[in-house]
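Work through the exercises below with the sequence and the model side by side. Each task is followed by a solution in steps.

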Amino acid sequence: MGILDSLENSPAFRGALGQLGSAVLPVVLSEVLGNGSQGGLSAVVAKLQQAGLGDQVKSWLGNGQNLPITAEQLQEVLGSDTVKQLAARFNIPVDQLSQILAQELPKSVDGASPNGHLPASA
């Protein structure tokens, strides 16, 4: 299961985006973690590592329990302006979008890295 599938199947994320319809959901996910402004999942992971969150990332890539990341940490790494723009674009509260992404990112990285490494296309 890829990162977009994982987030797309998240009840919390679907609830937040319910008013937008399923056609918009892939666009939001691509903007945040896909090939949009953040450069893909590998680029987001690299940004997290550079921001001092390497232990969290290692736990997501490994086979053990995934360490959490806060909405604030994720928003700082992605960029506050980016998150605000995305939230405004899709009419989702910034706090809600950041919280959902913080909950789902560890699962998504874990699911996209079954062998402990992200595929080159991630």
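Angles between helix axes are sorted into classes: under 35 degrees counts as roughly parallel, over 145 as roughly antiparallel, 65 to 115 as roughly perpendicular, and the rest as oblique. The model used here is a predicted one.

**Exercise 1. Helix α4 against α5**

Task: Find the angle at which the axes of α4 and α5 cross, and state which class it belongs to.

Solution.
- Step 1. The two axes cross at roughly 140° and come within 7 Å.
- Step 2. An angle over 145 would count as roughly antiparallel, and 65 to 115 as roughly perpendicular. The crossing of α4 and α5 is at roughly 140°, so these helices are oblique to each other.
- Step 3. On the α4 side the contact is made by Val45, Leu48 and Gln49, and on the α5 side by Gly54, Val57 and Trp60.
- Step 4. Sorted by class, the contact of α4 with α5 has four nonpolar residues, two polar ones and no charged ones.

**Exercise 2. The chain as a whole**

Task: How many helices and strands are there in the chain, and what percentage of its residues count as buried?

Solution.
- Step 1. The chain has eight helices and zero strands. Along the sequence this reads as α-α-α-α-α-α-α-α.
- Step 2. The chain has 122 residues, of which 41% count as buried.
- Step 3. For contacts between residues at least 6 apart in sequence, 60% join residues at least 24 apart.

**Exercise 3. Helix α4 against α8**

Task: Describe how α4 (residues 41–50) and α8 (residues 94–112) cross, and list the residues that make the contact.

Solution.
- Step 1. The axes cross at roughly 120° and come within 12 Å.
- Step 2. The perpendicular class covers 65 to 115 degrees. With a crossing at roughly 120°, α4 and α8 are therefore oblique to each other.
- Step 3. The crossing of α4 past α8 is left-handed.
- Step 4. Leu41, Val44, Val45 and Leu48 of α4 make the contact with Leu105, Val109 and Ala112 of α8. By class, this contact has seven nonpolar, no polar and no charged residues.

**Exercise 4. Helix α6 against α8**

Task: What is the angle between α6 and α8, and which residues of the two helices meet?

Solution.
- Step 1. The helices pack at an angle of about 100°, with their axes 8 Å apart. That makes α6 roughly perpendicular to α8.
- Step 2. From α6, Ala71, Leu74 and Gln75 meet Val94, Ser98, Gln99, Leu101, Ala102 and Leu105 of α8.
- Step 3. The contact of α6 with α8 divides into six nonpolar, three polar and no charged residues.

**Exercise 5. The largest nonpolar core**

Task: Which residues of the largest nonpolar core touch the most other members, and which helix supplies the largest share?

Solution.
- Step 1. In this core of 25 residues, Leu48, Leu74, Leu105 and Val109 touch the most other members.
- Step 2. At least two residues come from each of α4, α5 (54–61), α6, α7 (80–89) and α8. The largest share, six residues, is from α8.
- Step 3. Take Val109 as an example. Apart from residues up to four places away in sequence, Val109 touches Leu41, Val45, Trp60, Leu61 and Leu118.
- Step 4. For background, nonpolar side chains in soluble globular proteins tend to be buried together.

**Exercise 6. Two glutamines**

Task: Are Gln56 and Gln75 buried or exposed?

Solution.
- Step 1. Gln56 lies in α5, and Gln75 is found in α6 (residues 71–78).
- Step 2. Buried means under 20% relative accessible area. Gln56 has 14% and is therefore buried. Gln75 has 17% and is buried as well.
- Step 3. Setting aside neighbours within four places in sequence, Gln56 is in contact with Leu67, Pro68 and Gln73. With the sequence neighbours again left out, Gln75 is in contact with Ser80, Val83, Val94 and Ser98.

**Exercise 7. Two small residues**

Task: Where are Ala46 and Gly62 found, and what separates each from its given partner?

Solution.
- Step 1. Ala46 is found in α4 and is partly exposed at 30% relative accessibility. Its C-alpha atom is separated by 9.0 Å from that of Val57, 11 residues apart along the chain.
- Step 2. Gly62 is found in the loop between α5 and α6 and is partly exposed, with a relative accessible area of 24%. The C-alpha atoms of Gly62 and Asp110 are separated by 7.4 Å, although the two are 48 residues apart along the chain.

Key: Residues are numbered from 1 along each chain as its sequence is written. This is a predicted model: local features need pLDDT of at least 70, side-chain atom pairs count only at pLDDT 80 or more; totals for chains, interfaces and linings use all residues. Side-chain values use heavy atoms; hydrogens and water are left out. Helices (H or I, at least four residues) and strands (E, at least two) are DSSP runs, numbered from the N terminus. Buried means under 20% relative accessible area, exposed over 50%, partly exposed in between (1.4 Å probe, protein chains only). Contact means heavy atoms within 4.5 Å. Axes are lines fitted to C-alpha atoms, for helices over the stretch in contact, and angles run from 0 to 180 degrees between N-to-C directions. A crossing is left-handed if the near helix is turned anticlockwise from the far one by less than a right angle, and right-handed if clockwise. Ala, Val, Leu, Ile, Met, Phe, Trp, Tyr, Cys and Pro count as nonpolar, Asp, Glu, Lys and Arg as charged, and the others, Gly among them, as polar. A nonpolar core is a set of buried Ala, Val, Leu, Ile, Met, Phe, Trp, Tyr and Cys residues joined through side-chain atoms within 4.5 Å.
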